[in-house]
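Let's take a stroll through this protein together. Have the chain in front of you and follow along from one end to the other.

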Amino acid sequence: MRDRLNVSLPVEMIARINELAAQKHLTRSAIVEAAVASFLSPDGADRMEAAFTRRLDRLTRQVQRLERNSGLTTEALALFVRFWLTVTPPLPTEAQAAAQVKGRERYEGFIEALGRRLNQGRTLLDEIPSDMLGAGPLEENSKQSRD
């Protein structure tokens, strides 16, 4: 047995119901009935909660990866700066102007190389596991120099 119920809905919602009915080849009543049944279903809230939980878990994993990657990046930069400051001798005053010109050239080359690597999709974070497991580019160069 069915009973009639008249409801007032916003015009935009009725338009969306009409579009969905046309797409799915269903009646408007069937679409509204399914929506109300889903809303009244006791497990509907559980499904929504499960969906939110999955999304939150995925976001949590993404944030953890970002934290790990930013920590690794910071440590790599700090190690490089410490090493560079330790091994670089001070320049005499008369050589500083030439060193600044050379520094600008090197910086421009660095920016170009960085742009190429980023365009190719290569990152330091991608290379670290392969460098740790086998002979990476740096290790291969040092082997060749020893031979």
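Read along the sequence, the pattern goes α-α-α-α-α-α. In other words, the secondary structure comes to six helices and zero strands. Keep in mind that what you're looking at is a predicted model.

How well does helix 1 fit the span you'd expect from its residue count? Helix 1 has 14 residues (11-24), and at 1.5 Å a residue they should span 20 Å. Its end C-alpha atoms are 20 Å apart, so the model agrees with the expectation. While you're looking at a helix, here's a handy rule: an α-helix has 3.6 residues a turn, so residues three or four places apart point the same way.

Now step just past helix 1, where you'll meet His25. His25 sits in the loop between helix 1 and helix 2 (28-40). Its phi is near 55°, which is positive even though the residue isn't glycine. Why give that a second look? Most residues other than glycine have a negative phi. Is His25 buried or exposed? His25 has a relative accessible area of 72%, and the cut-off for exposed is over 50%, so it counts as exposed.

Two stretches carry labels in UniProt, both from an unreviewed entry. One is "domain: Ribbon-helix-helix protein CopG", listed for residues 4-39. The other is "coiled-coil region", which covers residues 49-76. Here's how the two look in the model:

| Stretch | Helix | Strand | Distance between end C-alpha atoms |
|---|---|---|---|
| Residues 4-39 | 72% | 0% | 19 Å |
| Residues 49-76 | 100% | 0% | 40 Å |

So what does the protein look like as a whole? Buried residues make up 3% of its 147 residues. The accessible surface comes to about 13,600 Å², and 60% of that belongs to carbon and sulfur atoms.

Last stop: how far can you trust the picture? The mean pLDDT of the protein is 84, and 88% of the residues reach 70 or more. Among the elements, helix 1 has the highest mean pLDDT (94), while helix 6 (residues 137-146) has the lowest (46). Over residues 139-147 the pLDDT is below 50, and beyond near neighbours in sequence this stretch has four contacts in the model. Where pLDDT is low, the predicted coordinates should not be read in detail.

How values were computed:
Residues are numbered from 1 along each chain as its sequence is written. This is a predicted model: local features need pLDDT of at least 70, side-chain atom pairs count only at pLDDT 80 or more; totals for chains, interfaces and linings use all residues. Side-chain values use heavy atoms; hydrogens and water are left out. UniProt positions are given in the numbering used here, feature names are shortened, and annotations may be inferred rather than shown by experiment. Helices (H or I, at least four residues) and strands (E, at least two) are DSSP runs, numbered from the N terminus. The expected span of a helix is 1.5 Å times one less than its number of residues. Buried means under 20% relative accessible area, exposed over 50%, partly exposed in between (1.4 Å probe, protein chains only). Accessible areas come from the Shrake-Rupley method with a 1.4 Å probe; for residues, only the protein chains shown count as cover. pLDDT is the predictor's confidence in each residue, from 0 to 100. Contact means heavy atoms within 4.5 Å.
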